[in-house]
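Colleague: I have not seen this structure before, and I would like a close look at one part of it. Please take a single strand and go through its surroundings step by step.

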Amino acid sequence: MRAYHLFEAGGRRHGRDQEDWSAAESELIEPLPVDITVDDHSVLVNTSFLRETVDDLLVSIESWRVMVYGVLPSVSGPEHPSRRGFATVILPARVNPQKTEATFSNGTLTVHLTKEIQPDE
């Protein structure tokens with residue numbers, strides 16, 4: 001809907017659909033900063049939401065990536081929609097999704113992932 005409003009506001013010029021869509025998306029989705037630490041046995045992923053609380057936090061873990069999504073509470077009042085935070089992290093090493101620990105405290109999500117053991121190790 002917002003992309004269409006941008007299309008209207010831009011004089012209904014055709015051929016700008018990708019630009020209007022990207023602009024609308026950037027108003028609603030906030031990329032999250034990510035920090036990755038790797039040691040011999042694990043990968044640690046820290047994601048900051050820049051807010052102390054997050055609604056509807058979702059963490060998806062696969063052997064090669066972590067995806068994080070959360071609804072950020074509105075800071076402008078109920079008349080403005082909530083923003084969404086999103087990050088996709090391609091991991092530097094394969095991990096075991098079954099051996100994962102995630103914690104959220106003071107606006108920071110920490111995901112501790114155990115590396116997969118390689119056959120030659």
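**Strand β3 and its surroundings**

Modeller: The model is predicted, and the part I will go through is strand β3, residues 42-48.

First, the setting. The protein chain has 2 helices and 8 strands. Read from the N terminus, the order of its elements is α-α-β-β-β-β-β-β-β-β. Of its 121 residues, 24% count as buried. Taking contacts between residues at least 6 apart in sequence, 48% join residues at least 24 apart. The accessible surface comes to about 8000 Å², and carbon and sulfur atoms hold 52% of that.

Now the partners of the strand. β3 pairs with β2, residues 34-38, in the antiparallel sense, over 5 bridges. The two form a hairpin, with 3 residues between them. Within this pairing, Val45 of β3 stands opposite Ile36. β3 also pairs with β8, again in the antiparallel sense, and here there are 7 bridges. One position to look for in that pairing is Leu44, whose bridge partner in β8 is His112.

Next, the nonpolar core. The largest one has 15 residues, and those that touch the most other members are Val43, Val45, Phe49, Val66, Val68, Leu91 and Leu113. β3 is among the elements that give two or more residues to this core, and the others are β5 (65-72), β6 (83-90) and β8 (108-115). As a general tendency, nonpolar side chains in soluble globular proteins are buried together.

Leu91 shows how this core reaches the strand. Apart from neighbours within four places in sequence, Leu91 is in contact with Val43 and Val45, and also with Leu113 and Val66. Its further contacts on that count are Glu62, Ser63, Trp64 and Arg65.

Last, a residue of β3 that is not on the list of core members just named. Thr47 lies in strand β3. Its relative accessibility is 1%, and because buried means under 20%, Thr47 counts as buried. What does Thr47 touch, once residues up to four places away in sequence are not counted? The contacts are Leu32, Pro33 and Val34, then Val68, and then Gly107, Thr108 and Leu109. Of these, Val68 also appears among the core residues that touch the most other members.

To go over the strand once more: β3 is paired with β2 and with β8, and it gives two or more residues to the largest nonpolar core.

Conventions: Residues are numbered from 1 along each chain as its sequence is written. This is a predicted model: local features need pLDDT of at least 70, side-chain atom pairs count only at pLDDT 80 or more; totals for chains, interfaces and linings use all residues. Side-chain values use heavy atoms; hydrogens and water are left out. A nonpolar core is a set of buried Ala, Val, Leu, Ile, Met, Phe, Trp, Tyr and Cys residues joined through side-chain atoms within 4.5 Å. Buried means under 20% relative accessible area, exposed over 50%, partly exposed in between (1.4 Å probe, protein chains only). Helices (H or I, at least four residues) and strands (E, at least two) are DSSP runs, numbered from the N terminus. Contact means heavy atoms within 4.5 Å. Two strands pair if DSSP finds at least two bridges between them. Accessible areas come from the Shrake-Rupley method with a 1.4 Å probe; for residues, only the protein chains shown count as cover.
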